[in-house]
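This briefing is meant to be read alongside the sequence and the coordinates. It takes up one loop residue, then another, then a pair of helices, and ends with the chain as a whole.

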Amino acid sequence: MRIPAPNFWPAARTGQRWLLNARRRVATVDGHRMVYLERGEPGPGRPTVLLIHGFAAMKENWAFWLQRLPRQWHLLVPDVPGLGESDYREDASYRYLAQALRLREWLASLSTDNIHLVGSSMGGAIAAVLAHEMAQAPRSLTLLNSAGIPEHPDVDLDLPFETDRDDLLIPEDWKGVYRMFNSVGNGKATGTGIAMAGLLGPDLLSRTDALRHIFADMVADALAPARYLGPDTPPLQVQWGDRDVITPTRCVRWFETATPDAEVHVFPRVGHLPMLEIPGKSAAVLERFVERHAH
């Protein structure tokens with residue numbers, strides 16, 4: 001008889017939230033109960049920064065940044081619908097546009113015009129679409145190793161997209177869990193990757209069907225963000241790790257022609273998640289960029 005592995009993540013998540021001095025909130029968007037963290041409040045001259053996590057991830061991916069970003073900022077950190085503590089629905093669409101419109105509905109209730117969007121991987125793709133779908137454009141947009149960016153400048157954005165990344169990003173057993181967590185960094189096994197696999201593995205393995213649904217919806221219009229990015233894009237910052245095996249560094253070249261004014265940072269010896277691998281440096285890069293565009 002197979003004994004289920006204990007899931008310690010809910011207790012760890014609660015403890016982490018307490019340490020970060022963040023409030024857990026709940027909103028309803030498009031029939032989804034969406035859970036998010038909030039720190040600070042909107043106010044004059046105070047940026048509201050929305051941090052959007054990636055695929056098979058959760059709001060807690062931003063914990064190291066919450067420790068480092070200015071205490072006077074207003075931070076919003078949701079579990080994207082379908083993931084984390086937020087609702088997943090079998091009958092819902094999880095394409096980038098659908099997710100962006102959910103977040104747009106939620107943000108419309110805020111009494112601020114000083115919004116800055118930040119997204120990692122899948123969250124970057126959602127942020128790129130959201131930045132162009134908001135009634136009032138955000139003050140800035142920052143993409144970290146974003147999904148939805150072509151690997152070559154001459155790619156036809158409307159052609160069907162094929163990928164085998166689901167084999168890596170949707171684990172079906174413990175071997176797959178360890179492989180996933182030791183690939184999203186710089187591709188090498190680390191003590192942190194092994195520890196995170198042990199902590200988050202039970203939760204991930206319980207979500208296989210939901211993850212396959214969400215991944216299929218993402219791939220159905222995989223390069224949608226690239227159709228949005230261009231001359232009308234708000235001030236754009238790009239952060240990327242040069243050892244990313246999920247969204248290869250060659251994607252960065254696409255921005256040279258699509259958004260030539262973008263501020264681009266490629267970090268050496270960093271993989272897919274700069275906010276986890278080099279949180280101090282990547283947060284400082286974001287802070288300087290947001291402060292320039294917050295007034």
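Where is the place of Ser206? In this model, which is predicted, Ser206 sits in the loop that runs between α7 (191-205) and α8 (208-220). The points below begin with the surroundings of that residue.

**Ser206 and its loop**

- With a relative accessible area of 58%, Ser206 is exposed, because the cut-off for that class is over 50%.
- The side chain of Ser206 reaches the backbone oxygen of Asp203, and the separation given for this pair is 2.6 Å.
- Pro171 lies 35 residues from Ser206 along the chain, and the C-alpha atoms of these two residues are separated by 10.0 Å.

**Lys59 and its polar contacts**

- Lys59 belongs to the loop between β3 (48-52) and α2 (63-66), and with a relative accessible area of 1% Lys59 is buried, because buried means under 20%.
- The side chain of Lys59 is joined to the side chain of Asp79 by a polar contact of 2.5 Å, and the Lys59 side chain also makes a polar contact of 2.7 Å with the side chain of Glu85.

**The packing of α3 and α4**

- Two packed helices are described by the angle between their axes together with the distance between those axes.
- For helix α3 (residues 96-107) and helix α4 (residues 122-133), the axes come within 8 Å and cross at roughly 60°, which means that α3 is oblique to α4.
- The crossing of α3 and α4 is right-handed.
- On the α3 side, the contact is made by Tyr96, Leu97, Gln99, Ala100, Leu101, Leu103, Arg104 and Leu107, while α4 contributes Met122, Ala125, Ile126, Val129, Leu130 and Glu133.
- Sorted by character, the residues in the contact of α3 with α4 comprise eleven that are nonpolar, one that is polar and two that are charged.

**The chain as a whole**

- The chain contains twelve helices and eight strands, and of its 295 residues, 55% are buried.
- When contacts in the chain between residues at least 6 apart in sequence are considered, 75% of them join residues at least 24 apart.

How values were computed
Residues numbered from 1 in each chain as written. Predicted model: local features only at pLDDT ≥ 70, side-chain atom pairs only at ≥ 80, totals over all residues. Heavy atoms only, no water. Helix = DSSP H or I, 4+ residues; strand = E, 2+ residues; numbered from the N terminus. Buried < 20%, exposed > 50% of the residue type's maximum accessible area, 1.4 Å probe, protein only. Polar contact = N/O pair within 3.5 Å; in protein donor to acceptor, adjacent residues only side chain to side chain. Axes fitted to C-alpha atoms, helices over the stretch in contact; angles between N-to-C directions. Parallel < 35°, antiparallel > 145°, perpendicular 65-115°, else oblique. Left-handed = near helix turned anticlockwise from the far one by under 90°. Contact = heavy atoms within 4.5 Å. Nonpolar A, V, L, I, M, F, W, Y, C, P; charged D, E, K, R; others polar.
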